[in-house]
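Here's a quick briefing to read alongside the model. It goes through the internal cavities, then a helix pair, then a single residue in a loop.

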Amino acid sequence: MPLTSRRLRAALLATASVTLVAATLPAPQPLGIGDRLFPHLGNPGYDVLSYDIQLTYKGRNTEPLDAVTTIDARTTAPLERINLDFARGAVRSVEVNGLHADFATAGEDLVVETPSPLPAGTPVHITVRHTSDPSGDKANGGWVPTADGLAMANQADAAHRVFPGNDHPADKAFFTFRVTAPKNLTVVAGGLPAGKRDHGDTTTWTYRTEHPMATELAQVSIGRSAVLHRTGPRGLPVRDVVPAADRAKLEPWLKKTPAQLDWMEKQVGPYPFETYGLLVADTETGFELETQTLSLFERSLFTGTGYPEWYVDSVMVHELAHQWFGNSVSPQSWSDLWLNEGHATWYEARYAEEHAQKPMERRMREAYARSDTWRAAGGPPARPDVPTPDHKISLFRPVVYDGSALILYALREEIGEAAFDRLERTWVRVHRDGSATTRQFTELASRIAGRDLTAFFDGWLYGTKTPPMPGHPDWRTETPRSAAGGQGPARAPKPE
């Protein structure tokens with residue numbers, strides 16, 4: 001129902017002379033945690049511990065799903081209202097700690113008035129009954145319709161178009177997904193299976209994560225799917241979800257994953273989650289996505305003829321590398337995105353060098369030549385330009401891919417291969433299951449190198465011009481072209 005004040009209602013019963021100004025809270029407004037790139041994303045005053053998301057899919061991927069999202073959180077400041085990020089759904093009711101709560105919408109926030117003021121440090125249990133609408137603009141993310149159902153693509157700011165929550169990677173939480181769908185469909189979600197129950201002509205599938213996850217990394221697949229199982233390093237369960245009709249056609253690609261996992265573990269240490277696999281969806285998004293434990297890939301990447309084998313392999317490794325860089329260690333702010341994409345691109349290029357004779361030095365020299373153009377078009381790697389309001393994915397520019405891998409190449413040249421490898425392993429171990437900042441990375445690099453690298457990083461991360469490349473004084477940048485011409489070579493589909 002619309003937001004009203006219980007204090008106002010009580011006062012009106014007692015006396016007709018109480019004024020509205022004295023009795024009501026300020027008007028609801030969208031809040032944020034101050035992210036420079038997404039000012040209204042995330043919400044202050046509480047820390048989410050877990051989400052329990054119930055979805056009922058009725059068989060049509062244009063029809064809203066019935067949903068119940070339950071959030072367990074702890075307040076970090078006194079609250080009389082709780083802001084949740086939520087859009088593209090109808091809210092039917094809200095409860096806080098088992099009591100009915102009034103609510104209103106403001107921008108893309110669902111603003112909930114708590115039944116009583118909540119002091120800092122208070123556990124809070126929020127239940128939102130709502131719909132989850134997949135019929136919105138696919139370009140803005142959230143639900144992605146497939147040929148036989150739905151999948152999710154929530155990066156960067158689209159999880160709140162699927163379910164209410166604190167939609168920022170600085171607030172990671174455990175997830176439980178309970179999805180009811182017609183019996184002829186298969187449901188798979190991030191994490192591991194935790195039960196399956198038939199009732200009538202539908203089945204409810206339950207999955208739970210064993211590690212905290214950012215909202216943008218949530219994944220639910222609903223469709224006529226085959227679920228294929230194999231084993232990775234150290235007995236790791238590897239689970240792929242593919243269109244049932246394509247299982248034989250896709251097998252030559254899927255069987256590569258265990259060896260790719262083994263290769264990544266040799267680079268940075270043990271895989272950080274409970275399972276991994278590929279979700280191959282019959283849809284066109286223009287990108288691949290590192291959703292946690294179940295990376296989303298377009299079917300056409302594997303079944304088309306436009307991509308050489310080495311390129312597809314490197315895209316697979318790119319998304320796999322994100323499980324360490326971006327998923328296990330998430331960005332504290334979206335300006336830290338270069339840590340995600342730079343590292344994933346770095347290991348993608350390393351893999352192509354070792355397995356397809358694609359020299360890293362040549363790729364980095366080409367990136368260096370274009371780097372000033374990329375910086376002019378998209379901002380410095382650690383201070384990227386704000387994405388366009390109607391196309392938030394425009395944040396994912398060349399400067400955060402090869403332009404940021406170039407920083408890692410320069411760093412390895414500056415501190416040496418042994419120190420660089422120690423930095424990589426230490427980074428993912430120390431910050432596992434957390435969110436981390438660019439400053440934490442640069443300070444760790446300085447400690448491992450045994451010297452202050454502030455000046456080095458200031459130029460490479462924040463400069464409008466690319467600094468000289470250590471060890472390669474002959475490398476030159478090109479004169480920056482216009483922003484339209486500065487997007488670098490097309491990467492279709494663009495690995496994210």
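The lining of the largest cavity breaks down by class into 9 nonpolar, 3 polar and 2 charged residues. Keep in mind that this is a predicted model. Searching the whole structure turns up 2 cavities of 30 Å³ or more, and both get a look below.

**Largest cavity**

- Its volume comes out at about 100 Å³.
- There are 14 lining residues, and those closest to the centre of the cavity are Asp148, Ser221, Ser225, Val280 and Ala281.
- Which elements give two or more residues to this lining? They're strand S10 (149-153), strand S15 (220-223), strand S17 (237-243) and strand S18 (278-281).

**Second largest cavity**

- This one has a volume of about 60 Å³.
- Its walls are made up of Phe325, Gly326, Val329, Ser330, Pro331, Leu339, Asn340, His343, Trp427 and Ala436.
- Strand S21 (329-331) and helix H7 (337-356) each chip in at least two of the lining residues.
- Sorted by class, the lining has 6 nonpolar and 4 polar residues, with no charged ones.

**Helices H11 and H12**

- Helix H11 (residues 438-449) packs against helix H12 (residues 454-462) at an angle of about 145 degrees, and the axes sit 11 Å apart.
- What hand does the crossing of H11 and H12 have, left or right? It's right-handed.
- On the H11 side the contact uses Thr438, Phe441, Thr442 and Ala445, while H12 brings Phe457, Leu461 and Tyr462.
- By class, that contact has 5 nonpolar and 2 polar residues, and no charged ones.

**Valine 399**

- You'll find valine 399 in the loop that runs between helix H8 (360-378) and helix H9 (402-415).
- Is valine 399 buried or exposed? It counts as buried, because its relative accessibility is 3% and the cut-off for buried is under 20%.
- Leaving out residues up to four places away in sequence, valine 399 touches Trp374, Arg375, Gly378, Gly379, Pro380, Pro381 and Ser404.
- One of those partners, arginine 375, is 24 residues away along the chain from valine 399, yet their C-alpha atoms are separated by 6.2 Å.

Key: Residues are numbered from 1 along each chain as its sequence is written. This is a predicted model: local features need pLDDT of at least 70, side-chain atom pairs count only at pLDDT 80 or more; totals for chains, interfaces and linings use all residues. Side-chain values use heavy atoms; hydrogens and water are left out. Helices (H or I, at least four residues) and strands (E, at least two) are DSSP runs, numbered from the N terminus. Buried means under 20% relative accessible area, exposed over 50%, partly exposed in between (1.4 Å probe, protein chains only). Contact means heavy atoms within 4.5 Å. Axes are lines fitted to C-alpha atoms, for helices over the stretch in contact, and angles run from 0 to 180 degrees between N-to-C directions. A crossing is left-handed if the near helix is turned anticlockwise from the far one by less than a right angle, and right-handed if clockwise. Ala, Val, Leu, Ile, Met, Phe, Trp, Tyr, Cys and Pro count as nonpolar, Asp, Glu, Lys and Arg as charged, and the others, Gly among them, as polar. On a 1 Å grid over the protein atoms alone, a cavity is a set of points where a 1.4 Å probe fits but cannot get out, and a pocket is an open set with protein on both sides within 12 Å along at least five of seven lines; lining residues have an atom within 4 Å of a point. Grid points are joined across faces, edges and corners, and a volume is the space filled by probe spheres set on the points.
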